[in-house]
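Grab a coffee and open the viewer. Here are a few exercises to work through, each with a solution you can check against the display.

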Amino acid sequence: MPTAPLRITVIGSGVIGLSAAHELAAAGHQVTVAYDQDLAKCVSSVAAAIWFPYHSENSPAADKLLADSLARFEQLSEHPETGIDLRRGLNVDHLPGADRSWTRIVAGTAEASREDLPDGAHAGVWATVPIITMSTYLGWLRGRVEELGAGFAKGTVTDLEQLKGGADLVVLAAGLRGGELLGDDDTVYPIRGQVVRLANTKNLTQWLCDDNYPDGVSYIIPRREDIIVGGTDTANDWNRKVEPQTAIDILERAAKLVPELEGLEVLEHKVGLRPARETIRLEHVAGHALPVIAAYGHGGAGVTLSWGTAQRVAELAAQLAGEPAS
């Protein structure tokens, strides 16, 4: 238990907000999650979701978040009810010099042979990483947060002044709205992602990611009962509508890479706006009605960095609560 438990409002109930609320409540703080979108409508629900540092910061600090998150997901994969599975797959490089810094964190990676690679690929690496079925995982995570005693309050926070008097600390995990609420950050921008969800009636398990496919990014992520096929990565695109031709192009690209996708039933089309920033903002922010911890700007790696981010948020809250350094 903390020496000085805080009343903490977490703004945002996506994967970053829920993970932070979990760690804060587990540390003994009184936590309320303020949210304006149901789980099924938040951008986290659109995620594929595979542990992979996609469109996010590349730095030693981010590497720690990656490693801490990977360790937690691997631990949670031992419990089927979480919706997390460890699965092997292939990350394809079309160009020499692709960033493979993430492989330092993952055990047992292996260079792909020429026979493993799709036409035109330069190289590739095999890896076993967590695949998260988000419809199961988000529900499980919210349930765990509630079991730890946290409350949920639906409504839109438009000004941090609204929370004055009811909280000792705000954790801002509001994605694209993070900079807007703080009023000092106009560097957050959307990266539009459109995906197609297919029925996994052929029981596929092997994932494939090709970020440099000549006709656009392509990834095939088989989950327990469905397959997420993507995608798009258009910066500064606020379009939340499904584009039919884009969906056709996504499926055509994917079928060239994984012919087994042919004929699978289309269950759903989805669009999400990834909240991107040149660097993740994860810090104390002074000058507001009450203390703030910013936790946003994760780009396409919100799930991938979620537990590491949550652990860091808990550390920053402990500093405010006056706990001795561990």
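The exercises below go from the core to a helix pair and then to some backbone oddities, and the model is a predicted one.

**Exercise 1. Find which residues have the most contacts inside the largest nonpolar core.**

Start with the core itself: it has 64 residues. Inside that core, L24 and Y137 have the most contacts. Next, look at where its members come from: helix α6 (residues 302–321) gives the largest share, 9 residues. Then zoom in on Y137. Skipping neighbours within four places in sequence, Y137 contacts V15, F73, L76, T82, I84, I132 and W307. As background, nonpolar side chains in soluble globular proteins tend to be buried together.

**Exercise 2. Work out how helices α1 and α6 are oriented to each other.**

First get the geometry: the axes of α1 (residues 15–26) and α6 come within 8 Å and cross at roughly 40°. An angle between 35 and 65 degrees falls in the oblique class, so α1 and α6 are oblique to each other. Now check the handedness: α1 passes α6 in a right-handed crossing. Finally, list who does the touching. From α1, the contact includes V15, I16 and L24, and from α6 it includes V303, W307 and A310. Sorted by type, the contact residues are 10 nonpolar, 6 polar and 1 charged.

**Exercise 3. Decide whether T133 and A26 are buried, partly exposed or exposed.**

Take T133, which sits in the loop between β5 (123–132) and α3 (134–147). Its relative accessibility is 8%, and the cut-off for buried is under 20%, so T133 counts as buried. Leaving out residues up to four places away in sequence, T133 touches G83, R223 and R224.

Now A26, in helix α1. With a relative accessible area of 48%, A26 is partly exposed, since exposed would need over 50%.

**Exercise 4. Track down what is unusual in the backbone at N203, N236 and G231.**

Remember the baseline: most residues other than glycine have a negative phi, and most peptide bonds are trans. N203 has a positive phi of about 55° without being a glycine. You'll find N203 in the loop between β8 (189–199) and β9 (207–210), and it is exposed at 61% relative accessible area. N236 has a positive phi too, near 60°. N236 lies in the loop between β12 and α5 (244–257) and counts as exposed at 55%. Last, the peptide bond from G230 to G231 is cis, with omega near 0°. G231 belongs to the loop between β11 (226–230) and β12 (234–235).

Terms used. Residues numbered from 1 in each chain as written. Predicted model: local features only at pLDDT ≥ 70, side-chain atom pairs only at ≥ 80, totals over all residues. Heavy atoms only, no water. Core = buried A, V, L, I, M, F, W, Y, C linked by side-chain atoms within 4.5 Å. Buried < 20%, exposed > 50% of the residue type's maximum accessible area, 1.4 Å probe, protein only. Helix = DSSP H or I, 4+ residues; strand = E, 2+ residues; numbered from the N terminus. Contact = heavy atoms within 4.5 Å. Axes fitted to C-alpha atoms, helices over the stretch in contact; angles between N-to-C directions. Parallel < 35°, antiparallel > 145°, perpendicular 65-115°, else oblique. Left-handed = near helix turned anticlockwise from the far one by under 90°. Nonpolar A, V, L, I, M, F, W, Y, C, P; charged D, E, K, R; others polar.
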